[in-house]
Amino acid sequence: MKIYSHPFSTEEPLSRGSLALYLLSDEPVPSHLPGENTLRMAELLLKDPSFKGKKGKIVRIPLEGEGVSSLYLVGLGERKGYSEENVRSRTAELLRRCRSDGTERITLILPEKPDGEMSSAVAEGAELGRYSFDRYKSVREEDRLPETKEVILAGGDDAGLEKGKLLGCAQNWARDLANEPGNVHNPLTLADLALKWGEDFGFSVEVWDEKRIASEGMGGLYAVGMGSATPPRLVHMIWKPEGTALRKIALVGKGITFDSGGLNLKPGDFIRTMKGDKSGACNIFAILRGVSKMKIPCEVHGIVALAENMPGGRAFRPDDILRMHNGKTVEVDNTDAEGRLVLADALSYASNLAPDGIIDMATLTGACVVALGTNMGGLFASSDELAEGILSAAARRGERFWRMPLDDERITETLKSPVADLVNAAGRYGGAIFAAQFLREFVKEGIPWAHLDIAGVDFFKDEYSVCCKGASGYAVRTCLEYLLGCR
Ligand code: BES
Ligand code: MN
Ligand code: ZN
């Protein structure tokens, strides 16, 4: 899909495709619109109770004759709610509508000339809204409507559009990977994909097989991976900018390609959608691809722990005691608390690179979903500066994270095992905090570290705003935005 700009005020009516007018409910229709007809119609509908410019309302009017083939009116609500996030969401909704209408080309006109950031928001919304995961649907060719091929923003800022398009595309790459089921993507296929992307997009990649994982002392990743017929992999990707890098950042992702729970098998209701348990890893792959496209001036390391958590004959068991990469021992209370085990090894490995910061992302705990719901991720951070950096990047991109505590002494007590240094689970209460404090044991003192628990936001049941059904790619844009501003 092409996204580009067109002069804001134009005499000439646009010659083909559709036109979308974004309207505020408490302001008159702007006078810079092309054509008498469209202006009159927009004025009428702005008064009509069915539309009135209400936030989230989209009306389509087919037009006869020359020029524009249909007119979309997009309600933004009141002026005081006019924001980048509002426009981003409405644009995504509009593009979903275009997809179901078969609208191939659409020109967008905002209430005022969009600046760089507003243009980015439009491009993000357009990319995210057009997305669907339908490659396995065998619809007959003649039933297929044409795809939206061109989005034109009147008065848009080209650099802003380019940035937004890249951010949206990166999130869609992550969605595409995470939407693939466990019979398609497993640790081996994802490791191969990383190698290919490294070659295609210009970052280096090293892959460790299960023997190397064991010999390097990654007892957590090894144990979790061994219950599956497909062995685990550790992937280390490195982006190095030309010249001297400003900072060195390590990104760590949980890549459980399917989480059955292992011997502590998940019940039916909870096992469904566990193909999404690789979302953290998929995000990191997409971010590395985005980082190399944007040529970010920082050195970025992507470390991904890939395993399938299955109850096979070589599966790890409750009561097992594992020796981890940093030498600490862990007693297994529950094989379904596998994410923290694979991440622990990856975080210890990342610490040895001596980065200026570590950010991990993981679909880690059901408890985080209970705490924060499905519209907000959990943020845990050992550094206020890093936490604030991530929160402000998230706000600029319209993603939501809520900072959670990492210093609960009572929870620290429950991390202790009678037979090992740590235990991997201890009951339900405070589960997200427990998991984060468990991870902290594997990050070297002094390295600023942030942990994003994306269990509630990685997979959506319905579509709204920029969210599509299925894998969301949540946190990709926040992380890229953070890296863009990282000095
Ligand atoms: N992958 C799950 C967490 C999860 C739950 C992600 C719901 C997305 C949606 C994780 O591996 C898990 O099973 N965690 C357990 C931990 C418990 C056994 C201590 C949980 O949250 O129930
Ligand atoms: Mn689990
Ligand atoms: Zn899991």
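Q: What puts Arg289 over the face of Trp197?
A: This is a predicted model, and in it Arg289 lies 4.7 Å from the ring centre of Trp197, over its face. The distance part of the rule asks for CZ of Arg within 6 Å of the ring centre, so 4.7 Å passes.

Q: Over the face of which other ring does Arg289 lie?
A: That would be Trp173, with Arg289 at 3.8 Å from the ring centre.

Q: How many aromatic pairs does the count come to?
A: Rings pair if their centres lie within 6.5 Å, and by that rule there are six aromatic pairs.

Q: Why is the pair of Trp197 and Phe201 called edge-to-face?
A: Look at the angle: planes over 60 degrees apart count as edge-to-face. The planes of Trp197 and Phe201 are at 80°, with centres 6.0 Å apart, so the label fits.

Q: What separates Trp197 and Phe201 along helix α5?
A: About one helical turn, because they are four residues apart in that helix, which covers residues 187-201.

Q: Why is Trp197 called buried, and why does Phe201 count as partly exposed?
A: Buried means under 20% relative accessible area. Trp197 has 11%, so it is buried. Phe201 has 27%, which falls between 20% and 50%, so it counts as partly exposed.

Q: Why is the pair of Phe438 and Phe442 called tilted?
A: Their planes are at 45°, which is neither under 30 degrees nor over 60, so the pair is tilted. The centres of these two rings are 5.3 Å apart.

Q: How do you know whether Phe438 and Phe442 are buried or exposed?
A: Use the 20% cut-off again. Phe438 has a relative accessible area of 0%, so it is buried. Phe442, with 2%, is buried too.

Conventions. Residues are numbered from 1 along each chain as its sequence is written. Chains are lettered from A and ligands numbered from 1 in the order in which they are written. This is a predicted model: local features need pLDDT of at least 70, side-chain atom pairs count only at pLDDT 80 or more; totals for chains, interfaces and linings use all residues. Side-chain values use heavy atoms; hydrogens and water are left out. Helices (H or I, at least four residues) and strands (E, at least two) are DSSP runs, numbered from the N terminus. Buried means under 20% relative accessible area, exposed over 50%, partly exposed in between (1.4 Å probe, protein chains only). A charge sits over a ring if NZ of Lys or CZ of Arg is within 6 Å of the ring centre and within 35 degrees of the ring normal.
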